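User: I am new to this structure and would like a close look at a single part of it, with enough of the surroundings to place that part. Please take your time and connect the details.

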Amino acid sequence: MKKGKKQAGLSAKRRDVLFITVMLLPAILIVLWQIYYPVLRGIVMAFQNYNLYNLSKVKFIGLENFKELLTPSPFNSFIRTMKNTVYWVFGSLVPQFLIGFLIAMLLRRSFRGRGGYQGVISFPWAVSGFIIGIMWRWMFNGTSGVINDVLQKIGLIEKPIGWLSSASTSLVSVIIANIWYGIPYFVIMITAALQGVPQDLYEAAEMDGANSFAKFRVITLPHIKSVLILTCLLRVIWIFNGPEAIISMTNGGPGGSSQIMTSYMYTLINSLDYGKASAIGVICTVILTLYTLFYLKVTSLNKED
């Protein structure tokens, strides 16, 4: 009798497992098809001369795509693109953090219209990066842009500057747009962290005669340090993977002067050179994998502290 009940129980469990598997199978297949297959296919194409203009001659060429990309030469734009990527990431990150931190500290104080000001500050974060790029492309326009108009009126420049058409200013221009786009992220995250600092600590410090700087150094900074570290580390990944402003403002031009690795990959895809584009994708994946390991190490150390 007991044996029969046990077998019936096992049979019911098998039916449950089969039912759950059948229900999950469509979702699993979609994930495999939409995510994992393209990743594996991209890795394969990175080792091929895969160009849609000449599909009849697609073959494996080993590391040739990587060698061509990473070998320094006067005609190799990818080396400059890698340097631009470093400028893009840190040139965007540092001002975003500093300005966002300053605004978050100011928003701690109570003042009239504080809620509305927070909404205005957060607005760019709710808008697509492509739309932000289009807006700033108009502002940086060399003939009718508002930036040239303002600078001329206050006497800083005598004639309009082609910000996006000049190799010396194109990268700086897209970095400025990206700075404006990313400030709300730090404002939101740091403001939330500041609200978690116990107010009684500030009251006790005031009773001990501590000034504003001492309260910031002893109370505020230690309490929000973990948030500051995590937000900066996470923001690096987003900036690295976010070429929308560049694509919509300059498309990497002129002459690749504002190109970064992810926007260059987009340019190669548009030129139908999937082999080289996939090779850049693999390089980006390796870089981000190493950075993720660093990120996990830092976050684990932060938890231990």
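Analyst: Gly42 counts as buried, because its relative accessible area is 15% and the cut-off for buried is under 20%. This is read from a predicted model, in which Gly42 has its place in helix 1, a run that covers residues 2-45. Between Gly42 and Glu203, which are 161 residues apart along the chain, the C-alpha atoms are separated by 58 Å.

That separation can be set beside the dimensions of the protein, whose C-alpha trace spans about 85 × 65 × 35 Å along its principal axes. The radius of gyration is 26 Å, whereas a compact globule of 305 residues would have one near 19 Å. Helix 1, with Gly42 in it, belongs to a protein that has 12 helices and zero strands, so that the pattern read along the sequence is α-α-α-α-α-α-α-α-α-α-α-α.

A second residue, Pro95, offers a contrast in exposure. Pro95 is found in helix 3, which takes in residues 77-107, and it is partly exposed because its relative accessible area of 24% lies in between the limits of 20% and 50%. Leaving aside neighbours within four places in sequence, Pro95 is in contact with Phe90, Gly100 and Ile179. The C-alpha atoms of Pro95 and Asp208, 113 residues apart along the chain, are separated by 34 Å.

Turning to the protein as a whole, 37% of its 305 residues count as buried, and Gly42 is a buried residue at 15%. Two cysteines are buried as well, Cys232 with 18% relative accessibility and Cys284 with 5%. A disulfide is a covalent bond between the sulfur atoms of two cysteines; a search of the whole structure finds zero of them.

As for contacts, among those in the protein with a separation of 6 or more, 65% are accounted for by residues 24 or more positions apart. The surface that the protein exposes comes to about 18700 Å², and carbon and sulfur atoms supply 67% of it. Its charged side chains number 27 positive and 13 negative, and the centres of these two sets lie 13 Å apart.

To return to the part in question, Gly42 is a buried residue within helix 1, and its C-alpha atom is separated by 58 Å from that of Glu203.

How values were computed: Residues are numbered from 1 along each chain as its sequence is written. This is a predicted model: local features need pLDDT of at least 70, side-chain atom pairs count only at pLDDT 80 or more; totals for chains, interfaces and linings use all residues. Side-chain values use heavy atoms; hydrogens and water are left out. Helices (H or I, at least four residues) and strands (E, at least two) are DSSP runs, numbered from the N terminus. The radius of gyration is taken over C-alpha atoms; the globule rule is 2.2 Å times the number of residues to the power 0.38. Buried means under 20% relative accessible area, exposed over 50%, partly exposed in between (1.4 Å probe, protein chains only). Contact means heavy atoms within 4.5 Å. Accessible areas come from the Shrake-Rupley method with a 1.4 Å probe; for residues, only the protein chains shown count as cover. Lys and Arg count as positive and Asp and Glu as negative; His and the chain ends are not counted. The place of a charge is taken as NZ of Lys, CZ of Arg, CG of Asp or CD of Glu. A disulfide is a pair of cysteine sulfur atoms within 2.5 Å.
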